[in-house]
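This note comments on the model shown below. It is arranged as numbered points for a reader with a background in computation.

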Amino acid sequence: MIIEAGRHFTLQAPGSAQDTLAFVRDPMRTLSRLHFLRGLRVDGAGVRGELLVPLPVLGEADLPFLCVLAHTPDGATLTPQPIAGERAWVEVTGQAQVLEGAQAAGSGETAVEVAFNFLFRAHLATPDVQGWGGAAFEKMVRAAAGRTLDRVTRELPEGLREALEAR
């Protein structure tokens, strides 16, 4: 079973474009305030962690993810990598683009913004149960995982804003 949710948004960034570019290229700083992540680690270009997903009857599931971080001229991207041997995992695709806008009214300073684009795609292996009970269980897991991914995409802008302002 695959469930996905995405979000595109733009945040105002305090400071210079160079400082903001350094921020989006450092996933430990960028993702530090996201409460739905656990065990975030960066090893070279690899970014690993776990997305916390509450599932009815099963409790809380930790969906691991693995991405490759690449720098772009104006930001950074996260490209998901498959994870073998897991019954449940999540692909995290992300892009951050630093934008220098028009001068802010009256201040003469150039406004800096960051455009973020994320897609979460959860891969969940459910037990192969036949009949009405199996269909009901799968529907319940799909609904719970879908609600979780929707919550993640709703909380994402605020967590990134907190990290951006804390730098």
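The points below take up the fold, the cavities and the aromatic side chains in turn.

1. Status and fold. The model is predicted. Its protein chain contains three helices and seven strands. Read from the N terminus, the elements follow the order β-α-α-β-β-β-β-β-β-α.

2. Contacts in sequence. Taking contacts in the protein chain between residues at least 6 apart in sequence, 59% connect residues that are at least 24 apart.

3. Burial and surface. The protein chain has 167 residues, and 41% of them are buried. Its accessible surface amounts to about 8900 Å². Carbon and sulfur atoms account for 51% of that surface.

4. Cavity search. Rolling a probe the size of a water molecule over the atoms shows where empty space is left. In this model, a search of the whole structure yields two cavities of 30 Å³ or more.

5. Largest cavity. The volume of the largest cavity is about 120 Å³. It is lined by 13 residues, of which Val24, Thr30, Leu78, Ala96 and Phe118 are the closest to its centre. At least two lining residues come from each of helix H2 (27-30), strand E5 (75-80), strand E6 (88-103) and strand E7 (110-124). By character, the lining comprises nine nonpolar residues, four polar and no charged.

6. Second largest cavity. The second largest cavity holds about 70 Å³ of space. Its lining consists of Leu31, Leu34, Phe36, Leu37, Phe65, Leu78, Val92, Phe118, Phe120 and Leu156. These lining residues count as 10 nonpolar, no polar and no charged.

7. Residues at both cavities. Leu78 and Phe118 are among the residues closest to the centre of the largest cavity, and Leu78 and Phe118 also line the second largest cavity.

8. Aromatic pairs. How many aromatic pairs does the structure hold? There are three. In one of them, phenylalanine 116 and phenylalanine 118 are stacked, with 6.3 Å centre to centre and 20° between the planes. Both phenylalanine 116 and phenylalanine 118 are buried.

9. Aromatic cluster. Which residues form the one aromatic cluster? The members are Phe9, Phe116, Phe118 and Phe120. Of these members, Phe118 and Phe120 also belong to the lining of the second largest cavity. Phe118 therefore deserves attention when the model is inspected, as a cluster member and a lining residue of the second largest cavity.

Technical notes: Residues numbered from 1 in each chain as written. Predicted model: local features only at pLDDT ≥ 70, side-chain atom pairs only at ≥ 80, totals over all residues. Heavy atoms only, no water. 1 Å grid on protein atoms, 1.4 Å probe; cavity = no way out; pocket = protein on both sides within 12 Å on 5 of 7 lines; lining within 4 Å. Points joined across faces, edges and corners; volume = space filled by probe spheres on them. Helix = DSSP H or I, 4+ residues; strand = E, 2+ residues; numbered from the N terminus. Nonpolar A, V, L, I, M, F, W, Y, C, P; charged D, E, K, R; others polar. Buried < 20%, exposed > 50% of the residue type's maximum accessible area, 1.4 Å probe, protein only. Contact = heavy atoms within 4.5 Å. Areas by Shrake-Rupley, 256 points an atom, 1.4 Å probe, with all protein chains shown as cover. Phe/Tyr/Trp six-rings, centres within 6.5 Å; stacked < 30°, edge-to-face > 60°.
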